[in-house]
Amino acid sequence: MTVSWQGPQPAPIAWEAFLDLDEDIRRDLEIVDGYVVPREQRGRDHQKVGTRLSLALERAAVGEMRGSGGGSCYETNTEVDVLLWEVPPTARKPDAVLHRCLPEFEQLAAEHCLIVAEVLSTWSARRDRVHKMSDYADAGIPHYWLVSFDKIGALTIERYALSDRTGPYTHIGTAHRDMGPVAVTVSDPFPIELRWADLEIAAQV
């Protein structure tokens with residue numbers, strides 16, 4: 001049986017208790033060290049950019065899977081719980097995540113994730129640059145991307161990576177839309193090329 005979130009919270013709760021929250025309510029919550037916290041405000045453009053990024057990563061993943069002849073399996077998701085560690089329970093909801101394929105009912109966890117991305121906005125920038133960056137690094141997620149946007153779509157993509165799979169993150173590059181049509185070209189975790197045109201959200205006239 002699911003329960004509603006009442007808050008404020010007098011004491012930490014277990015991961016299972018967080019999962020028991022009503023799904024519609026949990027969608028706008030994260031859990032950090034056992035304490036349930038509301039997610040930052042996200043406008044429509046913010047959400048669109050996250051969706052475009054997820055779809056672009058999905059296309060790259062499909063290409064990699066076809067090229068591997070079935071030897072690899074990857075998925076992408078938006079705004080899904082990623083369990084970073086269970087004691088004390090901490091789970092974040094990245095705006096986009098590329099991860100290894102999982103059985104239908106297995107919990108997505110940090111060990112499955114290859115790239116997590118957060119879309120920056122006025123309400124989320126400090127949390128994304130400080131708190132989430134630290135959490136994702138501590139959990140061992142190898143790649144972290146920060147994406148800024150405007151009315152056209154994604155504007156910059158900052159890429160960070162772990163050195164020898166240990167934190168903190170090292171900045172490995174920033175791309176700006178004015179630098180050319182290619183937004184990202186990387187070889188790790190596998191060859192990925194994203195174009196700014198794939199990350200546009202403005203209505204086409």
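The exercises below work through the strands, contacts and charged pairs of one predicted model.

Residues are numbered from 1 along each chain as its sequence is written. Local features need pLDDT of at least 70 and side-chain atom pairs count only at pLDDT 80 or more, while totals for chains, interfaces and linings use all residues; side-chain values use heavy atoms, with hydrogens and water left out.

**Exercise 1. The sheet**

Task: determine the order of the strands in the open sheet, and which strands are its edges.

Solution.
Step 1. Terms: helices (H or I, at least four residues) and strands (E, at least two) are DSSP runs numbered from the N terminus. Two strands pair if DSSP finds at least two bridges between them.
Step 2. Six strands make up the open sheet, in the order E3-E6-E7-E8-E9-E10, with mixed pairing.
Step 3. Pairing on one side only marks the edge strands, E3 (74-77) and E10 (166-176).
Step 4. On average, neighbouring strands of this sheet are turned by 20° against each other, direction ignored. Axes are lines fitted to C-alpha atoms, for helices over the stretch in contact, and angles run from 0 to 180 degrees between N-to-C directions.

**Exercise 2. Bridges along the sheet**

Task: for the pairs E3 to E6, E6 to E7, E7 to E8 and E8 to E9, state how many bridges join them and in which sense they run.

Solution.
Step 1. Strands of a sheet pair through backbone hydrogen bonds, either parallel or antiparallel.
Step 2. E3 and E6 run antiparallel and are joined by four bridges; asparagine 77 has valine 97 in E6 as its bridge partner.
Step 3. E6 and E7 are also antiparallel, over four bridges, and alanine 96 is partnered by alanine 117 in E7.
Step 4. E7 and E8 run parallel, with five bridges; isoleucine 115 is opposite histidine 143 in E8.
Step 5. Between E8 (residues 143-149) and E9 (residues 154-163) there are seven bridges in the antiparallel sense, and tyrosine 144 faces tyrosine 160 in E9.

**Exercise 3. The cover of E8 and E6**

Task: find how many residues of E8 and of E6 are buried, and which strands helix H4 lies across.

Solution.
Step 1. Buried means under 20% relative accessible area, exposed over 50%, and partly exposed in between (1.4 Å probe, protein chains only).
Step 2. E8 is largely enclosed by the rest of the structure because six of its seven residues are buried.
Step 3. In E6 (residues 96-100), four of the five residues are buried.
Step 4. Helix H4 (residues 125-138) lies across E7 (113-119), E8, E9 and E10, and runs at about 160° to E8.

**Exercise 4. Salt bridges between separate elements**

Task: locate the salt bridges of arginine 26 and lysine 132, and say why each ties together parts of the chain.

Solution.
Step 1. A salt bridge is a side-chain nitrogen of Lys or Arg within 4 Å of a carboxyl oxygen of Asp or Glu. By this rule the count is 18.
Step 2. Arginine 26 meets aspartate 81 at 2.6 Å, N to O. Arginine 26 is in helix H2 (residues 23-26) and aspartate 81 in the loop between E3 and strand E4 (82-86), so the pair ties together parts 55 residues apart in sequence. Both arginine 26 and aspartate 81 are buried.
Step 3. Lysine 132 and glutamate 118 form a salt bridge, with their closest N and O atoms 3.3 Å apart. Lysine 132 belongs to helix H4 and glutamate 118 to strand E7, so this pair ties together parts 14 residues apart in sequence.
Step 4. Lysine 132 is buried at 0% relative accessibility, and glutamate 118 is buried, also with 0%.
Step 5. A network of salt bridges links Glu30, Glu40, Arg92, Glu118, Arg127, Lys132 and Asp135.

**Exercise 5. Two residues and their neighbours**

Task: is threonine 90 buried or exposed, and what do threonine 90 and glutamate 79 touch?

Solution.
Step 1. Contact means heavy atoms within 4.5 Å; residues up to four places away in sequence are not counted.
Step 2. Threonine 90 lies in strand E5 (residues 89-92) and is buried, at 0% relative accessibility. The residues it touches include Ile31, Val82, Trp85 and Asp135.
Step 3. Glutamate 79 sits in the loop between E3 and E4 and is partly exposed at 23%. Among the residues it touches are Arg39, Arg42 and Lys93.
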